[in-house]
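Reader: I would like to go through this model term by term and ask, for each label, on what grounds it is given. Please set each value against its cut-off before you conclude.

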Amino acid sequence: MKLAVCIPNYNRPEKLYRLLRGMADQIVQGDLTDQVEICISDDKSPESPDKVVSQIRRFYPDVRIVYQVNEKNRGMDYNFLQSVMLSGAEYCWIVGNDDEPEENGLKTILCYLSDSAADILVSPFHIYDEEGWILLTIDP
């Protein structure tokens, strides 16, 4: 695998569903099943994401999804690291469960990775209000 989308999850199953659906769509539509995997580390959420992950696995059987629930809540830093440790990919992209991928975002990142010897990439991102309107774009 070239890239792992690493998701440190805690609660918000509806947002996780939206993210997983968007990523899985891009993987399937972009013919990236041999290049991209999804790794989810759940930090013992009271709102279990088990049903969300099962549903996405059913809808997208060709997408590699690695999913683990921590034995107890260990905190954000541990969960970030754990999501990366689940991966066997060359590169990891840490994505919050409330983030949304840009259209063709995976292909764009894979192009950057194939054209460089990068150790880290920081991508631009939008900050949205509760209605979904872009409040601010950060371009690091």
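Author: A salt bridge here is a side-chain nitrogen of Lys or Arg within 4 Å of a carboxyl oxygen of Asp or Glu. By this rule the count comes to 4 salt bridges, and the model to which the rule is applied is a predicted one.

Reader: What makes the pair of Glu90 and Lys2 a salt bridge?

Author: The closest N and O atoms of Glu90 and Lys2 are 3.5 Å apart, and the rule asks for a distance within 4 Å, so the pair qualifies. The two partners belong to distant parts of the chain, since Glu90 is in the loop between helix 3 (76-85) and strand 4, whereas Lys2 is in the segment before strand 1 (3-9), 88 residues apart.

Reader: Why is Glu90 called exposed, and why is Lys2 called partly exposed?

Author: Glu90 has a relative accessibility of 53%, and because exposed means over 50%, the label follows. Lys2 has a relative accessible area of 24%, and because buried means under 20% and exposed over 50%, with partly exposed in between, Lys2 falls into the class in between.

Reader: How do you know that Asp98 and Arg12 form a salt bridge?

Author: Their closest N and O atoms are 3.7 Å apart, which is within the 4 Å of the rule, and the pair is therefore counted. Asp98 lies in the loop between strand 4 and helix 4, Arg12 in the loop between strand 1 and helix 1 (13-29), and the pair links these distant parts of the chain across 86 residues. Asp98, with a relative accessible area of 36%, is partly exposed, and Arg12, with 35%, is partly exposed as well.

Reader: What makes Glu100 and Arg18 a salt bridge that links distant parts of the chain?

Author: The closest N and O atoms of Glu100 and Arg18 are 3.5 Å apart, so the 4 Å condition is met. As for the link, Glu100 is in the loop between strand 4 and helix 4 while Arg18 is in helix 1, 82 residues apart. Glu100 counts as exposed because its relative accessibility is 53%, whereas Arg18 is partly exposed, with a relative accessible area of 33%.

Reader: How do you know that Asp42 has no salt bridge?

Author: The nearest side chain of opposite charge is that of Lys44, and it is 7.5 Å away; a salt bridge needs a distance within 4 Å, so none is counted. Asp42, which is found in strand 2 (residues 36-42), is nevertheless buried. Its side chain makes a polar contact with the side chain of Ser45, at 2.5 Å, and beyond four places in sequence Asp42 touches residues including Asn9, Tyr10, Asn11 and Tyr67.

Reader: Why is the phi of Asn11 worth a remark?

Author: Most residues other than glycine have a negative phi. Asn11 is not a glycine, yet it has a positive phi of about 60°. Asn11 is placed in the loop between strand 1 and helix 1, and it is called buried because its relative accessible area is 15%, the limit being under 20%. Lys44 also is not a glycine and has a positive phi, of about 55°; it is placed in the loop between strand 2 and helix 2 (50-59) and is partly exposed, with a relative accessible area of 45%.

Reader: Why is Val5 called buried?

Author: The relative accessibility of Val5 is 0%, and because buried means under 20%, the conclusion is direct. Val5 is placed in strand 1, and, leaving aside neighbours within four places in sequence, its contacts include Met23, Ile38, Trp93 and Leu106.

Reader: What makes Ile127 eligible for the nonpolar surface patch?

Author: Patches are made of residues with over 30% relative accessible area and no salt bridge, and Ile is one of the nonpolar side chains considered. Ile127 has a relative accessibility of 36% and counts as partly exposed, so the area condition is met. Ile127 lies in strand 5, and the patch, of about 370 Å², is made by Phe125, Ile127, Leu135 and Leu136. Strand 5 (125-128) and strand 6 (134-138) each supply at least two residues of this patch.

Terms used: Residues are numbered from 1 along each chain as its sequence is written. This is a predicted model: local features need pLDDT of at least 70, side-chain atom pairs count only at pLDDT 80 or more; totals for chains, interfaces and linings use all residues. Side-chain values use heavy atoms; hydrogens and water are left out. Patches are made of residues with over 30% relative accessible area and no salt bridge: like charges are joined within 9 Å, nonpolar side chains (Val, Leu, Ile, Met, Phe, Trp, Tyr) within 5 Å. Accessible areas come from the Shrake-Rupley method with a 1.4 Å probe; for residues, only the protein chains shown count as cover. Helices (H or I, at least four residues) and strands (E, at least two) are DSSP runs, numbered from the N terminus. Buried means under 20% relative accessible area, exposed over 50%, partly exposed in between (1.4 Å probe, protein chains only). Lys and Arg count as positive and Asp and Glu as negative; His and the chain ends are not counted. A polar contact is a pair of N or O atoms within 3.5 Å; within protein, one must be able to donate a hydrogen and the other to accept it, and residues adjacent in sequence count only if both atoms are side-chain atoms. Contact means heavy atoms within 4.5 Å.
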